[in-house]
Amino acid sequence: MSHCTVLLTAEIGAVRILTLNRPGARNALSNELNNALYRALEEADGDDAVKAVVVTGADPAFCAGLDLKEAGAEGAAFFQRFQDANCIVRIGEMRKPVVGAVNGAAFTGGLEIALGCDFLVASERAVFADTHVRVGVLPGGGLTARLPRVVGAANARRMSMTGEVVNAARAERIGLVSEVVPHGELLARAMALASSAADVPVEAMQDLKRMYSENRGLVDDLAAEVAIARAYRADFDGIEGRRAQVQSRNRAQISQEEH
């Protein structure tokens, strides 16, 4: 396994595993992690030896979304640098199959990363939420285009408008994840599925992915979301306080569900 500070990379056969590695920050997307993941996705897509990719997080979380502490300190400059090499957008553009192994919380930008994968396998510990509007920002990585296609329009709007936390069992019921497995079996199951996808002829797989995107109007909807998000002006002064409120609310909701 190769190592950099914020991203771990491993190769098993024709499958490359990318592990977000900021566990102390719940793998929140700092500009450093964003850039590292963006480069790793680019490299995997361009490497003929790689036939499939697995994306996961270092426990206890999958990805808590953008690092709003860093964003609050840097303001608009943070988002500008992020957009220059946006890993959330890039994962949805992968020509090769991408399996998401969701090991814990996948919130907001982390949910967008998960949705950019071709399909998801979840640990029993996985939880999902879209808290964009609660912290005063809009999604710009494809969430409003992809989430309704996966869970239906009503469930998508409910998640985005309420910010509620969806546990693994409900995520499977509404179609957000393809299956839920015991936490200790997650990576092995994701690897088995990725290895199966890696057996498909490369050109056929690329055309299949393009068909899934273009035949359902996804490309146009993605462009529409990006245009609205870029026109929106977030209130950066209050973003850190809102982040803390949302985190407290999420912890309380998860605790209630566990008991």
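**Overall organisation and local features of the predicted model**

In the protein chain, 73% of the contacts with a separation of 6 or more are accounted for by residues 24 or more positions apart. The structure is a predicted model, and its protein chain contains 12 helices and 11 strands. Of the 259 residues in the chain, 51% are buried, while the accessible surface comes to about 11,800 Å², with carbon and sulfur atoms contributing 52% of that area.

The packing of two helices was examined in detail. Helix 5, spanning residues 109-116, packs against helix 6, spanning residues 143-151, at an angle of about 60° and with the two axes 10 Å apart; the crossing in which helix 5 passes helix 6 is left-handed. On the side of helix 5, the contact is made by Leu111, Glu112, Leu115 and Gly116, and on the side of helix 6 by Leu143, Arg146, Leu147 and Val150. Classified by residue type, this contact comprises 5 nonpolar, 1 polar and 2 charged residues.

The loop that leads into helix 5 from strand 7 (105-107) holds threonine 108, a residue that is not a glycine and yet has a positive phi of about 55°. With a relative accessibility of 10%, threonine 108 counts as buried. A positive phi of about 55° is also found at arginine 26, likewise not a glycine, which lies in the loop between strand 3 (15-20) and helix 1 (31-46). Arginine 26, however, is partly exposed, its relative accessible area being 35%.

A further backbone feature concerns the peptide bond from aspartate 59 to proline 60, which is cis, with omega near 20°. Proline 60 is placed in the loop between strand 4 (52-57) and strand 5 (61-63).

With regard to covalent cross-links, a search of the whole structure finds 0 disulfides. Cysteine 63 takes part in no disulfide, the nearest cysteine sulfur being that of cysteine 87, at 7.4 Å; for cysteine 87, which is also in no disulfide, the nearest cysteine sulfur is in turn that of cysteine 63. Because a disulfide is assigned to a pair of cysteine sulfur atoms within 2.5 Å, the separation of 7.4 Å leaves cysteine 63 and cysteine 87 unpaired. Cysteine 63 is buried, with a relative accessible area of 0%, and cysteine 87 likewise counts as buried at 0% relative accessibility.

Note on methods:
Residues numbered from 1 in each chain as written. Predicted model: local features only at pLDDT ≥ 70, side-chain atom pairs only at ≥ 80, totals over all residues. Heavy atoms only, no water. Axes fitted to C-alpha atoms, helices over the stretch in contact; angles between N-to-C directions. Helix = DSSP H or I, 4+ residues; strand = E, 2+ residues; numbered from the N terminus. Left-handed = near helix turned anticlockwise from the far one by under 90°. Contact = heavy atoms within 4.5 Å. Nonpolar A, V, L, I, M, F, W, Y, C, P; charged D, E, K, R; others polar. Buried < 20%, exposed > 50% of the residue type's maximum accessible area, 1.4 Å probe, protein only. Areas by Shrake-Rupley, 256 points an atom, 1.4 Å probe, with all protein chains shown as cover.
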